[in-house]
Amino acid sequence: MNILLPKTITASMIAAGTTIPAVDTTVGEVAWAPGNYAEGAREIDAGYTYECVKPLTAAPQNTYPPSDVRSGGWWFKDEGAPSNQMAAFDKYLFTKTRRPGSFTIVLKPGFVTGLYLGALEADRVAVTVKAGGVNLIPPIDEELWAQAPGEWEYLFGELAHATYFTLKDLPIHPDVEIAITVSRNDPATEAAVGFISVGSWKRLLAPLPGGMSASQYGMEASTQDYSTYDDMPDGTYREIPGRLATNVRVSCVIAATQAPNAKSLLDQILGKAVAVEVSDLPRYGHLSTVGKVTGTVRTESWERAQVELQIKGNV
């Protein structure tokens, strides 16, 4: 059972070599600049789209950036519209960093031990982890294929692409540079990633020789559809599409000595969107998600403790 304790990615951590600019004019983004704005104007500031909700016609109000607290009555932050560069670093999966063919994100996050890429739309992913220009691990370049459900699908069906990618046990270095490239085989097809998280993977292990996974059978993943319906008087209805999410429930047996650490981990991630991977085996891939984790830690004996986790998947 793996949970990624994330680092908050800031603009200062995005390094040279990133091919998505802070303001991506290729997708129609416009950078905010001091000046007058009409109601409805949408500008990029501090990694988000802000919409002008009241005409700005005079100084000094028209000199304050939309992200400034003094701009609260004039600008509205659209949580569902981060900039293209920062879309993969917010809490949602549906807001994606996109570019036809391929793109690269380079991060300098400081001390981390792993990463998670979620909501992927790509044929390949390549990752390099360097410090001072020297590879800390061998470069990774993998095709993204999901496990085939059976032999027929493997031989004759259309294989699905994997939608997430994880990397663990990175060497710890204060000046680590992680370059992530997602790409399509067809340069005209859009590549995208909805969630990039770097940080420290925390493992919940069973009190057994060899440090086996702590997860117990009975784990479940459930789909959540946030669509709504508008019923008509004649019995027909109009569907209003909504976001989709995956919720996970899992029970873990851990060593009793790990119980304080497990409770501390739950405290640290409370209220945060985190990546969760129940197991790195392909047959458990459906139990990986990104969401808010709540749970309980119960000591059952001198040797064993029980952790019950509920992960409410993010849209």
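How many bridges pair strand 1 and strand 14, and in which sense do they run? Strand 1 and strand 14 are antiparallel and pair over 5 bridges. That pairing is a handy way into this predicted model, so let's start there and work outwards.

## Strand 1 and its neighbours

Strand 1 has a partner on its other flank too: with strand 19 the pairing is again antiparallel, this time over 2 bridges. Ile-3 is a good residue to click on. Its bridge partner in strand 14 is Lys-202, and in strand 19 Ile-3 stands opposite Val-276. Strand 1 is also mostly covered, with 4 of its 5 residues buried.## The sheet of 9 strands

Strand 1 belongs to an open sheet of 9 strands, ordered 11-7-14-1-19-20-21-18-15, with antiparallel pairing. Which strands stand at the edges of this sheet? They are strand 11 and strand 15; each has a single partner strand, so one side of each has no neighbour in the sheet. From one strand to the next, the twist averages 35 degrees.

Further along the order, strand 19 (residues 273-277) and strand 20 run antiparallel and are joined by 4 bridges. Within strand 20, Gly-291 is the residue opposite Val-274. Helix 2 (residues 259-269) packs on this sheet. The helix touches strand 1 (2-6), strand 14, strand 18, strand 19, strand 20 and strand 21 (304-313). If you want an angle to check, the direction of helix 2 makes about 145 degrees with that of strand 20.

## The sheet of 3 strands

There is also an open sheet of 3 strands in the order 2-3-4, and its pairing is antiparallel. Strand 2 (42-45) and strand 4 are at the edges with a single partner strand each, so one side of each is left without a neighbour in the sheet. Here the twist averages 40 degrees from one strand to the next.

Strand 2 and strand 3 pair over 4 bridges in the antiparallel sense. To find one of the paired positions, look at Ile-44, whose bridge partner in strand 3 is Thr-49.

## Two pockets

Now for the empty space. The table puts the two pockets side by side.

| Pocket | Volume | Lining residues | Nonpolar | Polar | Charged |
|---|---|---|---|---|---|
| Largest pocket | about 1000 Å³ | 40 residues | 18 nonpolar | 13 polar | 9 charged |
| Second largest pocket | about 460 Å³ | 20 residues | 12 nonpolar | 3 polar | 5 charged |

Which residues lie nearest the centre of the largest pocket? Among the lining residues, those are Ala-162, Thr-163, Tyr-164, Gly-285 and Ser-288. Two or more lining residues come from each of strand 7 (114-118), strand 10 (140-143), strand 11 (165-167), strand 15 (220-225), strand 18 (244-255) and strand 20 (289-299). Strand 15 provides the largest share of that lining, 4 residues. As an edge strand of the sheet of 9 strands, strand 15 has a single partner strand.

In the second largest pocket, the residues nearest the centre are Thr-8, Ile-9, Phe-89, Asp-90 and Lys-91. The elements giving two or more residues to this lining are strand 3 (48-52), strand 4 (75-82) and strand 14 (195-203). Strand 14 gives the most, with 4 residues. Strand 3 and strand 4 belong to the sheet of 3 strands, while strand 14 belongs to the sheet of 9 strands.

## Backbone spots to check

Most residues other than glycine have a negative phi, and most peptide bonds are trans. A few places here are worth a look with that in mind.

The peptide bond between Ala-59 and Pro-60 is cis, with omega at about 5 degrees. Pro-60 sits in the loop between strand 3 and strand 4.

Ala-119 has a positive phi, near 55 degrees, although the residue is not a glycine. You'll find Ala-119 in the loop between strand 7 and strand 8 (124-131).

Asp-169 is another non-glycine residue with a positive phi, in this case near 60 degrees. Asp-169 lies in the loop between strand 11 and strand 12 (177-183). Is Asp-169 buried or exposed? With 58% relative accessibility, Asp-169 counts as exposed, because the cut-off for exposed is over 50%.

Note on methods
Residues are numbered from 1 along each chain as its sequence is written. This is a predicted model: local features need pLDDT of at least 70, side-chain atom pairs count only at pLDDT 80 or more; totals for chains, interfaces and linings use all residues. Side-chain values use heavy atoms; hydrogens and water are left out. On a 1 Å grid over the protein atoms alone, a cavity is a set of points where a 1.4 Å probe fits but cannot get out, and a pocket is an open set with protein on both sides within 12 Å along at least five of seven lines; lining residues have an atom within 4 Å of a point. Grid points are joined across faces, edges and corners, and a volume is the space filled by probe spheres set on the points. Ala, Val, Leu, Ile, Met, Phe, Trp, Tyr, Cys and Pro count as nonpolar, Asp, Glu, Lys and Arg as charged, and the others, Gly among them, as polar. Two strands pair if DSSP finds at least two bridges between them. Axes are lines fitted to C-alpha atoms, for helices over the stretch in contact, and angles run from 0 to 180 degrees between N-to-C directions. Contact means heavy atoms within 4.5 Å. Buried means under 20% relative accessible area, exposed over 50%, partly exposed in between (1.4 Å probe, protein chains only).
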